[in-house]
Amino acid sequence: MADSGFTRPTLPQLITTIRNDILTRLAADSTLAALRRTDAEVYGRVQAAAVHTVYGYIDYLARNLLPDLADEDWLTRHANMKRCPRKAATFAAGLVRWDVSTDGIPIPAGVTIQRDDLTSFTTTAKATSAGGVLRVPVICNTPGKVGNTDDGLAMRLVSPITGLTSAGVADSIQGGANVEDVEVWRARVIERWYWTPQGGADGDYEVWAKEVAGITRAWTYRHWSGRGTVGVMVASSDLVNPIPDAATVSAAQAYIEPRAPVAGADIYAFAASPHVVDFQIRLNPDTEEVRYAVEAELRSMMLRDGVPEGVFKLSRISEAISIATGEYSHTLVSPAADVSIAKGEVGVVGTISWT
């Protein structure tokens, strides 16, 4: 059973218990239990199988009665009761740009544009070139991070348009986020059990921020830009780059503002600043597999310890390296002292040098 003092009987234990009970009630010789075709043996096995199934269902219910062990379907029920639905994937959106020599070249809405990896985008409004530039708004046809595109990346027309070269470039295509990870969602649901909304307390702003796709961590700062203002710093749990893009920050601002107290002060949502920490490590054994394991542990530790106004302890760094699979011994050359994370910053793993 799920974290309780009750131990579920096994099927053989149930068979033995029911068989012995039948023999006792019938005042029969217990040595008859050795005969496979006695009534007691048949009844015992049939009833034990039925009872074992009931115990299994009770065990299933016990795991799902609270959100910490609930499976995905039951977690949906817990989340709905707490008004904490799972965050759906969002579509990346932005612009595609062409440098042109002629003004007045139109591109209509509904045109399909592709990246070189065949991820497709659709223009959402008509645009016309002016001043030697044509910028058209687009949205990715596939939800999730796959739509986020680095500025300057080639974007090609699927069908030709008179006056335009086939290839333009991406311009601020951001805001795509994957469907919320089930364990991150579970943590938000459990957080609702512990945190009672208080109409504008610090924790309320953090809860609101984490309801926005692409944001899993948030911190509230009172009087951030003057007395009475509220700053909400946001970040993701991405192990490589936890700094959200401008589109995600804007979405957080737009989501929090109408939920803040009517008489409250100005709200400022902003992305955390990265505090990059570089590492220099002498590793034994020094193999690609061990290096990969050490890097993964360092990034996981940075997510736990690299919080605003936190301290990145050398002992914690060494612990993370030591628990990496395959590591036997190491020397941490750099950093040589504890690393302090300032207000408004989150830790990010920088360059790892292996000496």
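**Around strands 10 and 11**

Q: Which residue in strand 11 stands opposite V232?
A: This is a predicted model, where local features need pLDDT of at least 70, side-chain atom pairs count only at pLDDT 80 or more, and totals for chains, interfaces and linings use all residues. Residues are numbered from 1 along each chain as its sequence is written, and side-chain values use heavy atoms, with hydrogens and water left out. Strands (E, at least two residues) and helices (H or I, at least four) are DSSP runs, numbered from the N terminus. Opposite V232, in strand 11, you'll find A269.

Q: How many bridges join strand 10 to strand 11?
A: Strands pair if DSSP finds at least two bridges between them. The open sheet here has the order 9-10-11, with mixed pairing, and strands 9 and 11 are its edges, each pairing on one side only. Strands 10 and 11 run parallel, and the bridges joining them number five.

Q: Are the rings of W224 and F270 stacked or edge-to-face?
A: Phe, Tyr and Trp rings (six-membered one for Trp) pair with centres within 6.5 Å; planes under 30 degrees apart are stacked, over 60 edge-to-face, the rest tilted. Here the centres are 4.6 Å apart and the planes sit at 15 degrees, so the pair is stacked.

Q: Is F270 buried or exposed?
A: Buried means under 20% relative accessible area, exposed over 50%, partly exposed in between (1.4 Å probe, protein chains only). W224 is partly exposed at 33%. F270 has 17% relative accessibility, so it counts as buried.

Q: How many of the eight residues of helix 5 are buried?
A: Among the buried ones are G203, Y205 and W208. Helix 5 (residues 202-209) is largely enclosed by the rest of the structure because its buried residues number six.
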